[in-house]
Amino acid sequence: MCEQRHTPPDMMRSVSRVYASLLSCVLLGVLTLTAWTGEVVLVCVAVLLVQGLVASAPGPADERGRIIRGPRLAPALVAAVIASAVTVRPTLLIGASGQHTGRIALVQSGVLVGVLLAVAAAVFVTLFAQMLRKDGRPRLVLSSGLGVTLAVVAAFASGWISAFRATGGPDVVTIVAVGCAVALLVWNVEGDRVLVATGAVVAAGAASALTAFLLDGFLTPWFGLLVGPVAAVVAILGQVLGRGWSRGRLHVAEGWGFPAAAAVALVGPVAHLAGQLATAPFA
């Protein structure tokens, strides 16, 4: 009889974590390169790539390992398109000609309002998709909540577009992306996860500060020391969330593709806030 070889669970988790981190670095690299082209269309394409990976997430498993079925792709894609469109053109929220009430506030906070509209639309799409199901709609509330959660993650990725459109956008995107990439790479080091996470956050702050210094723009290393650790914490939590979502399928591509995209998408709001802080006196 042939002896079957099974990959140890700990090794499988480590390998999937490495794959997810490397794919996140690739996505962050694409975002950075498109930001330096100065073309918002290319940045949108890179963001839509991230959102597409989020939308294609596998169905999560329950405590017994059974797949929870429900709408995921449609709500996430709708949220992604709406959030990105409003971020690129926040003036869409102004309304008909002559209606200028709150115009400045709407334009400045377009990304935040866009996420709200995207989530609202995703809720309606999720409920409509549930109506079309013919399998008895088991776990209706749970599957609906998971679908909306996926849409929120996809919508958050639009924050990278907002960061690009801010003052010194390419610098902001680069500094945040470098911090995320370094943190996710350090996160693969074996050892106590609390100590490794602490080291990842510290390394991210140092890398972001060094990036700001090397860019020699108007952003100072203090800016990198501020946004780098925050982006690192969110990126690591995003990967942990994605890996928990893909539990039981860490040995296949869908088990590390979604964690990689989730880590990048959830940093979107951090990138947006970094873009707003770029003009602060300490930046």
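Helices (H or I, at least four residues) and strands (E, at least two) are DSSP runs, numbered from the N terminus. The model is predicted, so local features need pLDDT of at least 70 and side-chain atom pairs count only at pLDDT 80 or more, while totals for chains, interfaces and linings use all residues. Residues are numbered from 1 along each chain as its sequence is written, and side-chain values use heavy atoms, with hydrogens and water left out.

**Exercise 1. Place Leu127 and decide whether it is buried, partly exposed or exposed.**

Step 1. Leu127 belongs to helix H5, residues 110–132.

Step 2. The cut-offs for relative accessible area are under 20% for buried and over 50% for exposed, with partly exposed in between (1.4 Å probe, protein chains only).

Step 3. The relative accessible area of Leu127 is 46%, so Leu127 is partly exposed.

Step 4. Leu127 and Gly147 are 20 residues apart along the chain, and their C-alpha atoms are separated by 9.7 Å. Gly147 is one of the buried residues of H6.

**Exercise 2. Describe the whole protein: how many helices and strands are there, and what share of the residues is buried?**

Step 1. The protein has 12 helices and zero strands.

Step 2. Of its 283 residues, 47% are buried.

Step 3. The accessible surface (Shrake-Rupley method, 1.4 Å probe; for residues, only the protein chains shown count as cover) is about 13800 Å², and carbon and sulfur atoms account for 70% of that surface.

Step 4. Contact means heavy atoms within 4.5 Å. Taking contacts between residues at least 6 apart in sequence, 75% join residues at least 24 apart.

**Exercise 3. Check the lengths of H6 and H9 against the expected span.**

Step 1. The expected span of a helix is 1.5 Å times one less than its number of residues.

Step 2. Helix H6 (residues 140–156) has 17 residues and should span 24 Å; its end C-alpha atoms are 25 Å apart, which agrees.

Step 3. H9 has 23 residues and should span 33 Å; the distance between its end C-alpha atoms is 32 Å, which agrees.

**Exercise 4. Follow H9 from the residue that caps it to the residue just after it: which residues are these?**

Step 1. Asp192 caps the N-terminal end of H9, with a side-chain oxygen 3.2 Å from the backbone nitrogen of Val194. This fits the definition of a polar contact: a pair of N or O atoms within 3.5 Å, where within protein one must be able to donate a hydrogen and the other to accept it, and residues adjacent in sequence count only if both atoms are side-chain atoms.

Step 2. Buried residues in H9 include Val196, Ala200, Ala204 and Gly205. H8 and helix H10 (221–245) are among what covers the buried residues of H9.

Step 3. Just after H9 comes Asp216, in the loop between H9 and H10. Asp216 has a positive phi of about 55° although it is not a glycine. Most residues other than glycine have a negative phi.

Step 4. Asp216 has 66% relative accessibility and therefore counts as exposed.

**Exercise 5. Find the largest nonpolar core: how many residues does it have, and which have the most contacts inside it?**

Step 1. A nonpolar core is a set of buried Ala, Val, Leu, Ile, Met, Phe, Trp, Tyr and Cys residues joined through side-chain atoms within 4.5 Å.

Step 2. The largest has 52 residues, and Val54, Trp160, Val172, Val176 and Val267 have the most contacts inside it. H8 gives the most to this core, eight residues. A second, separate core has nine residues, among them Ala79, Ala83, Val119 and Val148.

Step 3. Val54 lies in helix H2 (residues 40–55), and its relative accessible area of 0% means that it is buried. Beyond its neighbours within four places in sequence, Val54 is in contact with residues including Leu150, Val153, Phe258 and Ala265.

**Exercise 6. Classify the aromatic pair: is it stacked, edge-to-face or tilted?**

Step 1. Rings of Phe, Tyr and Trp (its six-membered ring) pair if their centres lie within 6.5 Å; planes under 30 degrees apart count as stacked, over 60 as edge-to-face and the rest as tilted.

Step 2. The structure holds one aromatic pair. The ring centres of Trp245 and Phe258 are 5.5 Å apart and the planes are at 55°, so the pair is tilted.

Step 3. Trp245 is in helix H10 and Phe258 in helix H11 (residues 254–266), so the pair ties together parts 13 residues apart in sequence. Both Trp245 and Phe258 are buried.
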